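This report describes selected features of one protein model for a reader who is new to structural biology. Please keep the sequence and the structure in view while reading.

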Amino acid sequence: MFNAPPSAEELVLPNKPLDETKALGYSSNGKYLAWASASEIRIVDAQTLETASVISRAGVLSVQFSPSGTFVVTWERYNKSDDAEASHNLRVWDSATGEARGGFTEKTFSESALQWTDDERYCAKLFQGEVRFYVPSALQKAALVLKLDGITAFSVSPGLAPSVAVFVPERGSKPALVRMYAMGAFTRATANKTFFKAESVNFHWHKLGTNLLVMTHTEVDKTGRSYYGESSLYFLAAAGNFDCRVTLDREGPIHDVAWNPVEKEFAVVYGFMPAKAALFNHRAEMVHDFGVAHRNYVRFNPHGRVLVIAGFGNLSGAVDMWDRKKLRKMCSIDCHGTSYCEWSPDGRHLMTATLSPRLRVDNGIRIWHYSGTLVFRQEFKELYQVDWRPANVANFPQRSALSPAPPGIAISAAASPSGSTDAVSDSAS
């Protein structure tokens, strides 16, 4: 664990696991940090680093928190058992006490297997043909059920008045559909959209939960134009007063999409390489063309002021920083080998990292100021995961003008590897 720039010193982490660490994660409000070692799950106060609770459970491969950090959800490999409770491998625990609250069977791991409303009133899980909603204090029986034949995916929106979107893929001559419901009012859909060429979807909610982007996919492009199948993008308002297909003026796959967290607008990277990046308003109308380049990644910073458009994976790792207000490119930086990229909570720093097992060489972290200045670099023999400690963006007020570039680090004076035993690193802002 490190303090973020400008200090960026390594912190002493009490009770650091001596055996292999399988997973770690912060609560979304930054209150807790949890990690799973070979024999236990340890939950610590992310500010003081003091232990909050310890759960004696071996074999855990994933740890996730409920929105306010009240509960921690763990997943381990499924083992068939005649005892229903013993076969539960998706488990819910009380973060403060480590007390078990209940569990479910989930044979295949998915980060969205158990979804929560922001107020933690309900958590939800998909079963055959229905989504079941549970009160966290009584996980033995569903409090609400949303039934629709053929559901293969669902998503609970963020926000104070949550909605639930469900997806049914096309079957025979019947089109695929997405329906949206207000939480608890499952007899009448607030929005409904049907379309063809959709075997699976990704849901992208606006931060307020008022609008939804649905990215559809097919495994095979029947026209033969794309190896990656076909994809389309649809816009739905949670109020049900507007929906449409987002018109994209370039053939090819949709690589990435991102909402502006402050404004009701979104950016999309799409088309055969070199791909096009564009900005769309709340009516799904294009308002700015960022041009064509080898890019497949887009993210707004938490203030919605700076936009990153980048090319990772099998692309060169070029990263462009854009000033959203002035719609001009601020800088371009070289982040070759990047497999993780995320903005800091203060909106002024971008972290890029090269992780194993995707790449076994040059593992490490780089932190850039949005001016393009490299302010921190740390190398590791093996690096598997890295995360910012979440924080409320209100703690970092938006400045009227973008801040100037800080002093950068000398590339020749980069920090040495922290040691071969430090396989997992965690950066705290």
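Ala-284 is found in the loop between E24 and strand E25 (286-293). The model is a predicted one. Phi of Ala-284 is near 60°, a positive value in a residue other than glycine. Most residues other than glycine have a negative phi, and most peptide bonds are trans. Is Ala-284 buried or exposed? With a relative accessible area of 11%, Ala-284 is buried, because buried means under 20%.

**Backbone features in loops**

Leu-327 also belongs in this account: its phi is positive, at about 50°, although it is not a glycine. This leucine is located in the loop between strand E28 (318-323) and strand E29 (328-334). Leu-327 counts as partly exposed, at 27% relative accessibility.

Two peptide bonds that end in a proline are described next. Pro-274 sits in the loop between strand E23 (266-270) and strand E24 (275-280), and the bond leading to it from Met-273 is cis. Pro-357 has its place in the loop between strand E31 (349-354) and strand E32 (364-369), and the bond leading to it from Ser-356 is cis. The table lists the omega values.

| Peptide bond | Form | Omega |
|---|---|---|
| Met-273 to Pro-274 | cis | near -5° |
| Ser-356 to Pro-357 | cis | near 5° |

Ser-81 is another loop residue, placed between strand E7 (71-76) and strand E8 (90-94). Its relative accessible area of 32% makes Ser-81 partly exposed. Which residues does Ser-81 touch, not counting those up to four places away in sequence? They are Ala-86 and Ser-87. Between Ser-81 and Trp-35 there are 27 Å in space, C-alpha to C-alpha, and the two are 46 residues apart in sequence.

**Strand E23 and its partners**

Strands of a sheet pair through backbone hydrogen bonds, either parallel or antiparallel. Strand E23 runs antiparallel to strand E22 (residues 254-259), and 5 bridges join the two. Within this pair, Ala-258 stands opposite Ala-267 in E23. The connection from E22 to E23 is a hairpin through 6 residues.

E23 is also joined to E24 by 5 bridges, and these two strands run antiparallel. Here Tyr-270 is placed opposite Lys-276 in E24. The hairpin of E23 and E24 has 4 residues between the strands, and in it Gly-271 takes a positive phi near 100°.

Why can E23 be described as largely enclosed by the rest of the structure? The reason is that 5 of the 5 residues of E23 are buried. Phe-266, Val-268 and Tyr-270 point one way from the strand, whereas Ala-267 and Val-269 point the other way, and all are buried.

**An open sheet of 4 strands**

Elsewhere in the model, the strands E18, E19, E20 and E21 form an open sheet in the order E18-E19-E20-E21, with antiparallel pairing. Strand E18 (200-205) and strand E21 (243-245) stand at the edges; each has a single partner strand, so one side of each is left without a neighbour in the sheet. Neighbouring strands of this sheet are turned by 20° against each other on average, direction ignored.

Within the sheet, strand E19 (residues 211-217) and strand E20 (residues 231-237) run antiparallel and are joined by 7 bridges. Leu-212 stands opposite Leu-236 in E20.

**His-369 and the cavity**

His-369 is found in strand E32. With a relative accessible area of 4%, His-369 is buried. Leaving aside neighbours within four places in sequence, His-369 is in contact with Met-321, Arg-348, His-349, Val-375, Ser-403, Pro-404, Ala-405 and Pro-406.

Rolling a probe the size of a water molecule over the atoms shows where empty space is left. How many cavities of 30 Å³ or more does the structure hold? The structure holds 1 such cavity. The largest cavity contains about 80 Å³ of space. It is lined by 13 residues, and the closest to its centre are His-303, Arg-348, Tyr-370, Gln-398 and Arg-399. By class, the lining of the largest cavity consists of 5 nonpolar, 4 polar and 4 charged residues. Arg-348 links the two parts of this section: it is in contact with His-369, and it is among the residues closest to the centre of the largest cavity.

Methods: Residues are numbered from 1 along each chain as its sequence is written. This is a predicted model: local features need pLDDT of at least 70, side-chain atom pairs count only at pLDDT 80 or more; totals for chains, interfaces and linings use all residues. Side-chain values use heavy atoms; hydrogens and water are left out. Buried means under 20% relative accessible area, exposed over 50%, partly exposed in between (1.4 Å probe, protein chains only). Contact means heavy atoms within 4.5 Å. Two strands pair if DSSP finds at least two bridges between them. Axes are lines fitted to C-alpha atoms, for helices over the stretch in contact, and angles run from 0 to 180 degrees between N-to-C directions. On a 1 Å grid over the protein atoms alone, a cavity is a set of points where a 1.4 Å probe fits but cannot get out, and a pocket is an open set with protein on both sides within 12 Å along at least five of seven lines; lining residues have an atom within 4 Å of a point. Grid points are joined across faces, edges and corners, and a volume is the space filled by probe spheres set on the points. Ala, Val, Leu, Ile, Met, Phe, Trp, Tyr, Cys and Pro count as nonpolar, Asp, Glu, Lys and Arg as charged, and the others, Gly among them, as polar.
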